[in-house]
Amino acid sequence: MEETTTPVPPTQAASVATPINLILLALFVVLAYFRLKPKTAPSLPAPPAPTVFRVFTPPTLFPFNGKNDAPVYLAVRGRVFDVSPGRNFYGPGGPYENFAGRDATRGLACGSFDEDMLTKDLEGPLDTLSDLGPEEMEALRGWEERFNEKYLVVGKLVPVGSEVAKEAA
């Protein structure tokens with residue numbers, strides 16, 4: 001008896017171009033592109049304008065209160081500090097905004113942020129602090145140390161009409 005075998009049809013080669021393989025290839029190409037594309041150099045922020053040490057009187061210090069994007073300065077015992085990095089504290093809307101553009105010495109020494117701690121007459125003499133006690137002066141020294149460590153001194157505060165103010169004008 002002779003066996004008859006039916007020939008086995010040749011198997012078809014599986015195509016590489018299946019939908020899943022095409023999706024994986026596309027994903028690989030996209031990931032390779034983002035991984036290998038050249039990185040843009042990070043741009044450095046523009047350096048701030050140079051600050052020149054200058055002489056301030058209370059009226060010339062007042063505009064530096066942070067309004068209209070102005071820098072925020074305040075004075076402590078005759079030294080004017082640029083507290084602009086702390087704009088959220090000393091600028092408009094901040095808890096210490098009363099001190100912006102003003103002599104903050106008495107308020108800091110007394111631990112009060114009220115408007116009545118500020119000199120009312122900008123044309124008058126500077127506060128001598130002669131009525132402050134040892135506790136207030138110690139508190140003031142602590143504030144001065146903090147400001148010296150944290151902020152740049154940009155000038156000195158002198159009374160209106162003083163010789164130094166006249167020379168600076």
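This section describes one helix, two loop residues and the internal spaces of a predicted model.

Helix H5 covers residues 134-150. With 17 residues at 1.5 Å a residue, helix H5 should span 24 Å, and its end C-alpha atoms are 24 Å apart, so the expected and computed values agree. Five residues of H5 are listed as buried, namely Met-137, Leu-140, Trp-143, Glu-144 and Phe-147. These buried residues lie on the same side of H5, because they cover an arc of only 120° around the axis. The other side of H5 carries exposed residues, which are Pro-134, Glu-135, Glu-145, Glu-149 and Lys-150. The cover over the buried residues of H5 includes two strands, S2 (73-76) and S3 (79-82). Helix H3 (87-90) and helix H4 (105-110) are also among the elements that cover them.

Within helix H5, Glu-144 was examined separately. Its relative accessible area is 10%, and Glu-144 therefore counts as buried, the cut-off being under 20%. When neighbours within four places in sequence are left aside, Glu-144 is in contact with Val-76, Arg-77 and Arg-79. Of these contact partners, Arg-77 belongs to the loop between S2 and S3. The phi angle of Arg-77 is positive, at about 45°, although Arg-77 is not a glycine. Arg-77 has a relative accessible area of 36% and is thus partly exposed.

A positive phi is also found at Asn-68, where the value is about 55° and the residue is again not a glycine. Asn-68 sits in the loop between helix H2 (58-61) and S2. The relative accessibility of Asn-68 is 78%, which means that Asn-68 counts as exposed, since the cut-off is over 50%.

The search for enclosed spaces gave two cavities of 30 Å³ or more. The largest cavity holds about 110 Å³ of space. Its lining is made up of 13 residues. Pro-58, Asp-103, Thr-119, Leu-122 and Leu-126 are the lining residues that lie nearest the centre of this cavity. Sorted by class, the lining of the largest cavity contains six nonpolar, three polar and four charged residues.

The second largest cavity has a volume of about 30 Å³. Asp-103, Thr-105, Arg-106, Met-117, Thr-119 and Asp-127 form its lining. By class, one residue of this lining is nonpolar, two are polar and three are charged. Asp-103 and Thr-119 are named in the lining of the largest cavity and also in that of the second largest cavity.

Open spaces were considered as well. The largest pocket has a volume of about 160 Å³. Among the residues that line this pocket are Phe-62, Asn-65, Lys-67, Gly-91, Pro-92 and Glu-97. The lining of the largest pocket also includes Asn-98, Ala-100, Arg-102, Glu-115 and Leu-118. By class, four of the lining residues of the largest pocket are nonpolar, three are polar and four are charged.

Definitions and conventions: Residues are numbered from 1 along each chain as its sequence is written. This is a predicted model: local features need pLDDT of at least 70, side-chain atom pairs count only at pLDDT 80 or more; totals for chains, interfaces and linings use all residues. Side-chain values use heavy atoms; hydrogens and water are left out. On a 1 Å grid over the protein atoms alone, a cavity is a set of points where a 1.4 Å probe fits but cannot get out, and a pocket is an open set with protein on both sides within 12 Å along at least five of seven lines; lining residues have an atom within 4 Å of a point. Grid points are joined across faces, edges and corners, and a volume is the space filled by probe spheres set on the points. Ala, Val, Leu, Ile, Met, Phe, Trp, Tyr, Cys and Pro count as nonpolar, Asp, Glu, Lys and Arg as charged, and the others, Gly among them, as polar. Helices (H or I, at least four residues) and strands (E, at least two) are DSSP runs, numbered from the N terminus. The expected span of a helix is 1.5 Å times one less than its number of residues. Buried means under 20% relative accessible area, exposed over 50%, partly exposed in between (1.4 Å probe, protein chains only). The arc is that of the directions from the helix axis to the C-beta atoms. Contact means heavy atoms within 4.5 Å.
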